[in-house]
Amino acid sequence: MLTLEALARHIGAELRGDGAAQVAGLNTLGAAGPDEVAFLANPAYAGQLETTRALAVIVSPDMADKAPTNVLVMGNPYLGYALASQIFGRSAQAAEGGVHPAAVLAEDAQLGEGCTIGPNVVIEAGARIGAGSRIGPGCHIGAGAVIGKRARLYPGVTLYHGVTLGDDVIVHSGAVIGSDGFGFAPAFGDLSGQSSLTDLAPGFHKIEQLGGVRIGNQVEIGANTTIDRGALDDTVIEDGVKLDNQIQIAHNVRIGAHTVMAACSGVAGSTEIGRHCMIGGGVGIAGHLKICDGVQITGMTLVSHSISEPGTYSSGTAVEPNSQWRRNVARFRQLDKLARKVSALEKTLREMETPRSSTSED
Amino acid sequence: MLTLEALARHIGAELRGDGAAQVAGLNTLGAAGPDEVAFLANPAYAGQLETTRALAVIVSPDMADKAPTNVLVMGNPYLGYALASQIFGRSAQAAEGGVHPAAVLAEDAQLGEGCTIGPNVVIEAGARIGAGSRIGPGCHIGAGAVIGKRARLYPGVTLYHGVTLGDDVIVHSGAVIGSDGFGFAPAFGDLSGQSSLTDLAPGFHKIEQLGGVRIGNQVEIGANTTIDRGALDDTVIEDGVKLDNQIQIAHNVRIGAHTVMAACSGVAGSTEIGRHCMIGGGVGIAGHLKICDGVQITGMTLVSHSISEPGTYSSGTAVEPNSQWRRNVARFRQLDKLARKVSALEKTLREMETPRSSTSED
Amino acid sequence: MLTLEALARHIGAELRGDGAAQVAGLNTLGAAGPDEVAFLANPAYAGQLETTRALAVIVSPDMADKAPTNVLVMGNPYLGYALASQIFGRSAQAAEGGVHPAAVLAEDAQLGEGCTIGPNVVIEAGARIGAGSRIGPGCHIGAGAVIGKRARLYPGVTLYHGVTLGDDVIVHSGAVIGSDGFGFAPAFGDLSGQSSLTDLAPGFHKIEQLGGVRIGNQVEIGANTTIDRGALDDTVIEDGVKLDNQIQIAHNVRIGAHTVMAACSGVAGSTEIGRHCMIGGGVGIAGHLKICDGVQITGMTLVSHSISEPGTYSSGTAVEPNSQWRRNVARFRQLDKLARKVSALEKTLREMETPRSSTSED
């Protein structure tokens with residue numbers, strides 16, 4: 001069991017209260033029981049301090065006196081919650097170590113000390129996996145792929161050949177890293193004018209994707225997210241990037257350090273996103289753009305041009321009752337005409353006012 | 001073989017015609033052959049009744065006399081089609097039963113009677129699977145996960161630890177249930193003011209997701225859909241919910257009974273969706289919202305605020321030729337200015353009219 | 001090693017220069033080293049011709065004289081790049097052939113000559129795989145599925161029962177083909193009026209999806225893309241179609257030959273898309289529509305009605321700073337009212353002008 005004192009030490013908080021009390025888990029202020037620790041990070045919940053049944057609350061210094069409980073005082077209580085959660089979560093579990101007999105490893109695959117390789121994992125020729133990494137059941141590690149230390153791949157992750165992951169990377173189930181970028185050369189019409197080959201069929205001819213994918217340290221990649229390999233150069237995800245579920249990163253994209261993207265967003269080919277950006281859910285970012293550092297994009301925005309100033313950006317329209325929306329949408333399709341009408345009205349009025357003023361001078 | 005009489009009994013219809021006739025399958029009114037049964041649910045197709053070659057047609061009472069074929073009469077012919085399809089579909093197939101030798105089961109995994117466990121399935125410690133469930137090849141059932149009776153998991157489904165599924169649940173390939181919610185505490189800048197830990201690195205610190213996922217009875221989950229586990233409490237999908245492919249459900253979302261969501265929609269964290277809602281494809285619902293019962297959302301709408309009245313809601317604009325759209329979009333960016341211009345025009349006109357009326361009184 | 005002469009012959013270009021020079025790889029004009037071949041397809045990069053360090057450049061006839069290097073001259077240099085990339089890519093690798101001992105094949109599964117079947121592949125009863133096809137680790141080939149010649153399935157692809165793929169098809173990891181279309185018959189309220197069955201539960205009753213999926217030749221399907229089987233008839237993807245990652249194709253959709261779709265797009269049920277269309281990323285296409293040949297749709301457009309004229313189509317609004325967007329969005333919700341105000345202003349002005357003109361005649 002964990003004492004309050006040990007918890008305080010683990011998260012870097014000052015303990016005020018009973019250090020020997022035993023902590024069973026974490027919970028919200030409203031739901032915490034008498035053996036659980038809660039936290040107050042959002043001032044909107046300050047009112048719950050008085051009535052909480054929690055054993056202790058992680059609070060900021062200015063709120064410490066207002067809690068009727070033991071308190072764990074630190075400048076960033078939300079960080080305290082995160083650090084505390086890590087004690088109770090899976091990451092704290094020691095890797096059991098060892099290679100399951102139902103795993104299939106190439107002879108020259110290299111495993112660091114203490115790796116755990118689950119059943120039905122396939123590791124292809126030349127792949128290397130760093131010490132303490134845990135590869136869940138059914139993952140596929142392509143030829144020559146490199147995984148750093150303490151990685152955690154959940155069941156069913158696919159790394160294509162040559163993909164590299166840094167240290168402390170987490171990849172959730174169903175993520176695919178290193179699939180082919182979407183590149184084709186169209187060849188239709190008179191092919192004899194395009195190439196002297198005589199057996200060329202009309203169609204889109206595949207551009208083999210000869211680059212790779214490089215993922216930095218402390219990156220987390222969500223379930224069923226896909227990251228394509230580069231056409232000639234690599235696709236790059238820098239340190240500390242966090243990608244949610246079902247994100248699509250196209251070939252040759254670069255995402256700067258400590259940028260976070262919410263679920264279902266997509267980034268088209270060759271776009272560069274800066275550091276410390278926050279991309280909402282369902283956002284689409286067109287190809288060949290540059291997004292500078294410190295940009296926030298709200299959910300479901302279409303980013304169709306580069307952004308060179310930090311700040312928050314949006315597109316789209318807001319939800320409204322369908323009957324009203326139908327009328328507004330119909331007007332949107334006439335918006336340019338409407339604007340022209342307003343300009344014409346302004347012109348007419350100016351012309352009307354001019355004679356009126358002159359006549360009023362009469 | 002199935003007789004018309006048996007089919008009528010199976011779907012709860014009144015048979016008018018040759019009950020001994022043999023039914024080979026189902027088809028549309030237009031395409032059905034002389035040994036197939038068709039249905040008329042949409043009045044728009046009523047004209048096809050006269051020319052159909054079908055052996056029999058499932059119809060509502062008011063249309064029964066208009067069909068030149070055998071008829072299966074019931075109030076809800078579309079329901080009749082659904083019930084009939086179940087005779088011919090896979091669900092009707094008896095589970096073969098048994099555990100494939102290439103499955104990997106923890107010693108204490110519990111299997112109900114008549115379960116079918118495919119090759120390369122991994123079932124971790126403490127997991128329980130109800131009677132008659134079929135787990136397809138390569139599925140991963142995490143530690144302590146619980147699956148009810150008669151579940152059907154298609155190949156390659158991943159359930160993380162502790163996820164619970166009710167009875168009669170169907171999960172399609174590639175779905176991931178119980179992956180981590182997207183939660184991080186940012187710690188940048190002067191870390192000494194945030195925690196007294198001296199070895200803390202700047203970055204997003206992972207909030208371990210300590211909750212689970214609870215899925216009710218008769219839920220169907222589409223291919224490559226992802227449902228994250230809760231941060232502290234559970235993510236909940238109530239009875240009878242139907243989720244299409246590639247849907248993303250974030251942590252601590254609750255979806256009310258008998259709500260259906262079409263493909264590619266996403267729901268952000270802690271949002272509660274009511275019962276009997278119908279969410280179109282590609283819809284994005286922001287976090288921490290409440291959507292009441294009986295709400296319909298049309299495709300690709302961004303729901304950015306709570307909805308407290310049943311009805312249909314929408315956002316976005318309608319497709320139009322690109323050249324026209326470009327002009328309208330440019331005007332949209334000036335829409336606030338345009339509205340101000342119109343207000344100014346109205347004011348000018350009011351002022352003009354007032355003196356005119358007064359002068360006209362002269 | 002590959003000589004320039006051999007490369008020229010392979011891509012159907014006219015070589016001007018040192019045919020015996022050895023080619024190590026491909027790169028961009030800017031990054032190519034002295035043993036690499038570059039290409040000039042986009043005139044915007046023509047300025048880089050002078051300074052490139054490339055061994056040779058693939059160019060069009062009009063640019064051939066401007067390169068200070070060896071040149072490979074052909075009408076379509078981008079096609080030349082594609083064909084050259086195929087020499088260096090994985091597709092050029094000979095299939096190693098053979099069935100991995102950890103694969104699980106039904107007794108009556110048929111494999112053509114030279115197939116490569118990876119570990120943990122499951123091939124169910126009656127499936128047939130054409131000569132030279134390579135099935136990556138952990139793929140699942142459902143009962144009766146048919147795969148043509150020279151197919152390449154990357155690890156973790158799922159084909160449901162009865163799906164058919166043509167020749168030279170590439171499917172990336174995590175793709176699911178043949179999952180159930182999303183079809184249910186709602187039965188709520190007084191069920192006795194709907195069917196005479198007495199044990200019917202209220203809810204959505206599953207419509208078993210009795211159709212299949214037919215995929216043509218030379219089709220490529222991206223990672224985690226999902227294609228549902230048809231309800232009664234088949235879902236059809238014609239020859240030469242290229243689907244990027246995370247695309248969703250609903251039941252009974254038909255996509256015409258040589259149409260390409262970028263990532264994260266979705267097509268709802270029964271819609272028919274023509275040939276030679278180009279669908280951008282994140283596009284949503286509603287159900288039961290017809291899109292004619294030669295249509296381009298820009299990214300994140302909602303296609304809510306059929307399109308019968310070739311051309312480019314769009315919807316949505318463009319990204320802008322959030323503070324400005326908020327004002328414009330608020331105005332959008334009043335757009336119909338604004339348009340009515342403008343009409344009223346026009347009417348008022350017309351009425352004002354009429355008496356004024358008449359009085360000016362006084």
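## Three chains around one axis

Let's start inside one chain: in chain A, the C-alpha centres of domain 1 and domain 2 lie 36 Å apart. The domain assignment of chain A puts domain 1 at 2-92, domain 2 at 98-190 + 201-313, and domain 3 at 332-360. Keep in mind that you're looking at a predicted model.

How sure is the predictor? Chain A has an average pLDDT of 94, and 96% of its residues score at least 70. One stretch to treat with care is residues 358-362 of chain A, where the pLDDT is below 50. Beyond near neighbours in sequence, that stretch makes 0 contacts in the model. For the model, the scores are ipTM 0.95 and pTM 0.96.

Now for the symmetry. Turn chain C by 120°, shift it 0.0 Å along the axis, and it can be laid on chain A with an RMSD of 0.0 Å. That's how a three-fold axis relates its copies. In chain C, Gly316(C) has the C-alpha nearest the axis, 3.4 Å away. Chain B can also be laid on chain A, by a turn of 120° and a shift of 0.0 Å along the axis, with an RMSD of 0.0 Å. Which residue of chain B comes closest to the rotation axis? That's Gly316(B), with its C-alpha at 3.3 Å.

Next, how do the chains touch? On one side of chain A, 68 residues of chain C are in contact with 63 residues of chain A. The elements giving two or more residues to chain C's side are helix 2 (77-88), strand 40 (320-321), helix 3 (322-332) and helix 4 (335-360) of chain C. Helix 2 of chain C brings the largest share, 9 residues.

Then there's chain B, with 63 residues in contact with 68 residues of chain A. Several elements of chain B give two or more residues to its side, including strand 21 (176-179), strand 26 (226-228), helix 3 (322-332) and helix 4 (335-360). Helix 4 of chain B gives the most, with 5 residues.

Here's what the two sides are made of:

| Side touching chain A | Nonpolar | Polar | Charged |
|---|---|---|---|
| Chain C | 32 residues | 29 residues | 7 residues |
| Chain B | 24 residues | 31 residues | 8 residues |

Time to look at the cores. In soluble globular proteins, nonpolar side chains tend to be buried together. Here the largest nonpolar core has 321 residues, and Val57(A), Val57(B) and Val57(C) touch the most other members. Leaving aside neighbours within four places in sequence, Val57(A) is in contact with nine residues' worth of company, among them Leu29(A), Phe39(A), Leu49(A), Ala67(A) and Val71(A). There's also a second, separate core of 24 residues, which includes Trp325(A), Ala339(A), Leu338(B) and Val342(C).

Finally, zoom in on one residue, Ile227(A), which lies in strand 26 (residues 226-228) of chain A. Is Ile227(A) buried or exposed? It counts as buried, because it has 31 C-beta neighbours inside 10 Å, and the cut-off for buried is 20 or more. Ile227(A) and Ile177(A) are 50 residues apart in sequence, yet their C-alpha atoms are 4.7 Å apart in space. Ile177(A) is also one of the contacts of Ile227(A) once neighbours within four places in sequence are left aside. The others are Val213(A), Thr235(A), Ile237(A) and Ile249(A).

Technical notes: Residues numbered from 1 in each chain as written. Chains lettered and ligands numbered in written order. Predicted model: local features only at pLDDT ≥ 70, side-chain atom pairs only at ≥ 80, totals over all residues. pLDDT = per-residue confidence, 0-100. Contact = placed C-beta atoms within 7 Å. Domains from an automatic or database assignment. Least-squares fit on C-alpha atoms with pLDDT ≥ 70 in both. Core = buried A, V, L, I, M, F, W, Y, C linked by C-beta atoms within 7 Å. Buried ≥ 20, exposed ≤ 12 C-beta atoms within 10 Å, placed from the backbone. Helix = DSSP H or I, 4+ residues; strand = E, 2+ residues; numbered from the N terminus. Nonpolar A, V, L, I, M, F, W, Y, C, P; charged D, E, K, R; others polar.
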